[in-house]
Amino acid sequence: MSESNIKLLKKSFKNVLYSFSAQAIALILSTTRVLLIPKAIGIEEYSYWQLYLFWIGYVGFFHFGFNDGILLKYGGEKYNDLDKELFRSQFITLFVSQFLIAIAIIVFFELHSTEEERLFISYTVALTLIINNLSGFFWCILQSTNRFREYTRAITIDKFLFLLCVILLLVLNVKNFKIYIITYLFTIFFSLAYTIYTCKDLVVGKLSTFSISLKEAYSNISVGIKLMIANIASMLILGSGRFIIDRIWGITTFGKISFSLSITSMVLLFINAISIVLFPTLRQIPRERLSDTYVILRTVLMTLLTGILIFYIPIQYLLNLWLPQYSESLEYLAILFPLCIFEGKMQMLISTYLKVARKESMLLMINLLSVIISVLLCVFSALIFRSITLVVISMVIGTAIRCLIAELYLLKFLNLSFIGNFIDEIILGGIFIVSTWYLDGLLGLAIYLFAYIVLISCHRNNIRLSLKLIRQVLNR
């Protein structure tokens, strides 16, 4: 491996460690929030809170790839080299467009909904849309220009503030989900204000001309819309199942399943932190060296991801003690936890590599195909078998299929072969689901632990080599 590549990888690992530690703080704060809110409010109120979180997960659709285009176009650039006038005008353009879309959303729900709770959620979702998409504008810039210290600080602020507010609301015995949503809005607005202050030279000052601004906005959208749709499609693989559960089994069941998904999502926060750091770094590595880097990253990542599943039993035990009213929903965690393997690998490695290779079109096609498969499986499970368990399994199958198709394409592009490893991971995930679903907790854990040790033993040479290369890079 060349000296320049080693320097890049060393910088990447340092960024990963910094981002990882910051995300660890964010994870602790988010996990505490996830555990406190259902303890503070009833199941129905918590279900409406989860419905709000579910809806705001899709507000990124409404910048139409604008922010994604910035990330793709400027990934690896230096912050001081950015055209400040152009970015100021882009901020104004984005703000105006998001404000108009938020008004349209409010009008739409006023005309088509009568339920008070869902109307309230629609109003707050519209406000969240403006705040989140403006925040995303600055986050993409900070990510693209390797300003990860400011980025991680920005995404941690609102979680810390919200946790403090949740603790206060808990002490005051507040049980209305609307108060929690309003509090959340306040904290993300404060985070946006901090981000604007951090990037104030991209907000205050001379603007570029209107025609240049529109041309750049069109360029950002045309570049980023495929990636944006691919990201939305990725979310719909799980979101379609949740939507069907809400429509058929009601808001309370939706909230219970969403709670289990929230626990899984906490684990994936770590993976997302690494993928954010990797993108601008991999953009600077020569194409011919991407394959070597992929082998190292994949080996280490899959060792960690499959190992995370070992913690399922103690996590389930502690959650049952803390939230006994959610014991039914925690049973589904046994099925959903393997998402850490497939979704984690997709987020960190496969999607990141496809973006580096500018294969957004292929990523979009794979995600859309996976959504169709997931929706068909979920609808079939819900309407024919009327089984929530099968719907949840369908969500996991849809994620695994997407990961398989995407990795097969990427491996062909990189001229590599890992199909045997993927089969091992599917078998390991299947062993986990069967052993933890049908057997006693400790017995199921013992069976999975044995299977995990066998897998590690089979790949010990690759793991040892990958760790050796990482130590060499960090010691240079």
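Modeller: A crossing is left-handed if the near helix is turned anticlockwise from the far one by less than a right angle, and right-handed if clockwise. Here the crossing of H16 and H17 is right-handed. One caution: this is a predicted model, so local features need pLDDT of at least 70 and side-chain atom pairs count only at pLDDT 80 or more, while totals for chains, interfaces and linings use all residues. Residues are numbered from 1 along each chain as its sequence is written, and side-chain values use heavy atoms, with hydrogens and water left out.

Biologist: Where is confidence lowest and where is it highest among the elements?

Modeller: pLDDT is the predictor's confidence in each residue, from 0 to 100. The protein chain averages 83, with 89% of its residues at 70 or above. Helix H1 (residues 3–40) has the lowest mean, 64, and helix H7 (residues 177–198) the highest, 93. Helices here are DSSP runs (H or I, at least four residues), numbered from the N terminus.

Biologist: Back to H16 and H17: at what angle do they pack?

Modeller: Two packed helices are described by the angle between their axes and the distance between the axes. Helix H16 (residues 388–414) and helix H17 (residues 419–438) pack at about 165°, with axes 11 Å apart. That makes H16 roughly antiparallel to H17 (the term covers angles over 145 degrees).

Biologist: Which residues make that contact?

Modeller: Contact means heavy atoms within 4.5 Å. H16 supplies Thr-389, Ala-400, Cys-403, Leu-404, Glu-407, Leu-408 and Leu-411, and H17 brings Ile-419, Phe-422 and Trp-437. By class, that's 8 nonpolar, 1 polar and 1 charged.

Biologist: How far apart are the axes of H2 and H8, and what hand is their crossing, left or right?

Modeller: The axes of helix H2 (residues 43–56) and helix H8 (residues 210–249) come within 12 Å and cross at roughly 145°. H2 passes H8 in a left-handed crossing. On the H2 side you'll find Gln-50, Leu-51 and Phe-54, meeting Gly-239, Arg-242, Phe-243 and Asp-246 of H8. That contact divides into 3 nonpolar, 2 polar and 2 charged residues.

Biologist: Now a single residue: is Phe-120 buried or exposed?

Modeller: Phe-120 sits in helix H5 (residues 116–144). Phe-120 is buried, with a relative accessible area of 17% (buried means under 20%, with a 1.4 Å probe and protein chains only).

Biologist: What does Phe-120 touch beyond its sequence neighbours?

Modeller: Leaving aside neighbours within four places in sequence, Phe-120 contacts Phe-177, Lys-178, Ile-181 and Ile-182. Tyr-52 lies 68 residues away in sequence, yet its C-alpha is 9.5 Å from that of Phe-120.

Methods: Helices (H or I, at least four residues) and strands (E, at least two) are DSSP runs, numbered from the N terminus. Buried means under 20% relative accessible area, exposed over 50%, partly exposed in between (1.4 Å probe, protein chains only). Axes are lines fitted to C-alpha atoms, for helices over the stretch in contact, and angles run from 0 to 180 degrees between N-to-C directions. Angles under 35 degrees count as roughly parallel, over 145 as roughly antiparallel, 65 to 115 as roughly perpendicular and the rest as oblique. Ala, Val, Leu, Ile, Met, Phe, Trp, Tyr, Cys and Pro count as nonpolar, Asp, Glu, Lys and Arg as charged, and the others, Gly among them, as polar.
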